Amino acid sequence: MFAISLGDDGAELRPLEPWQAEEFFAHIDRGREYIGRHVGLPDIVKDVPAARAFLQSYADKTAADKGRIYGIWLEGTLVGGVMFRTMDVAQGTCEAGCWLEPAAAGRGLVTRAVTLIIDWAVEVRGMHRVEWIVASANRASINVAKRLGMTHEGTQRELYLYRGERHDEQIWSVLAPEWRKRRAG
C-alpha cells in the first residue's frame, strides 16, 4: 500500500479498502452528526458490515475503472476521505467528492487531498472535466471548490430529497486546460 504526504502536519492520503472497514466505521461514527449534515455517508455506514460493503463497492469501481476512494489519515488516525464518485474514462469526466470529521476540519486537508487526486485524474487518467457537486448549504465544500479554481456552473433547485427535506445542489467544475494553467501559474 502507498501513502502520499499531504504536507508537514503528518497528514497522508492512502487507498481506503474493504479490509479497513472497522477503522472506517469508527471514523464515520466519530463524525456521524457533522458529516451527515450534508453528506449521506453516515446513513449508509450504519455498522461494520455496511462499512465493508461500501468500501467493497469502491473496490469494485476501482477494478472497473469507474471510481476511486482514498482516506485521509492525520497522525495515524483516519479523519476523512476523498473520492471519485464516478469516472467515465471514455468521456473524460469524473466527479470528485469528500467528507471529513470535525476534529480535522479547518486544516486544508480536503483541498490538499483533492488537489492530488485531480492532478492524477487529469495528468495520468486523461480526464478532461472534473465535477464537484455540493449541497448549496455546504459552505465548507463550496469553499474547497473555490480554492481549487473551479467554476460554479449553476444550481439545481430542490434537486434531491435528503432526510425528509428538499435541497438545492450546486455544480462546480474544472476543465483540464484550466487546471493545468492554474497549477503552472
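This is a short tour of a predicted model, moving from the whole chain to its sheet and then to one helix that lies across it.

Begin with the entire protein chain selected, where the secondary structure comes to seven helices and eight strands. The radius of gyration of the chain is 16 Å, close to the 16 Å that the globule rule gives for 185 residues, so the chain is as compact as a globular protein of that length. Along the principal axes, its C-alpha trace spans about 40 × 40 × 35 Å. If you turn on a surface, the accessible area amounts to about 9200 Å², with 51% of it belonging to carbon and sulfur atoms, while buried residues make up 45% of the 185 residues.

Next, colour the strands and follow the open sheet, whose eight strands run in the order S1-S2-S3-S4-S5-S6-S8-S7 with mixed pairing. At the edges you will find strand S1 (4-5) and strand S7 (151-162), each of which has a single partner strand, so one side of each is left without a neighbour in the sheet.

Now select residues 11-15, which form strand S2, together with residues 68-74, which form strand S3; these two strands pair in the antiparallel sense over five bridges. In general, strands of a sheet pair through backbone hydrogen bonds, either parallel or antiparallel. Within this pair, centre the view on Glu12, whose bridge partner in S3 is Trp73.

Finally, keep S3 in view and add strand S4 (77-88) and helix H4 (residues 48-63): the helix lies across both strands, and it runs at about 125° to S3.

Definitions and conventions: Residues are numbered from 1 along each chain as its sequence is written. This is a predicted model: local features need pLDDT of at least 70, side-chain atom pairs count only at pLDDT 80 or more; totals for chains, interfaces and linings use all residues. Side-chain values use heavy atoms; hydrogens and water are left out. Two strands pair if DSSP finds at least two bridges between them. Helices (H or I, at least four residues) and strands (E, at least two) are DSSP runs, numbered from the N terminus. Contact means heavy atoms within 4.5 Å. Axes are lines fitted to C-alpha atoms, for helices over the stretch in contact, and angles run from 0 to 180 degrees between N-to-C directions. The radius of gyration is taken over C-alpha atoms; the globule rule is 2.2 Å times the number of residues to the power 0.38. Buried means under 20% relative accessible area, exposed over 50%, partly exposed in between (1.4 Å probe, protein chains only). Accessible areas come from the Shrake-Rupley method with a 1.4 Å probe; for residues, only the protein chains shown count as cover.
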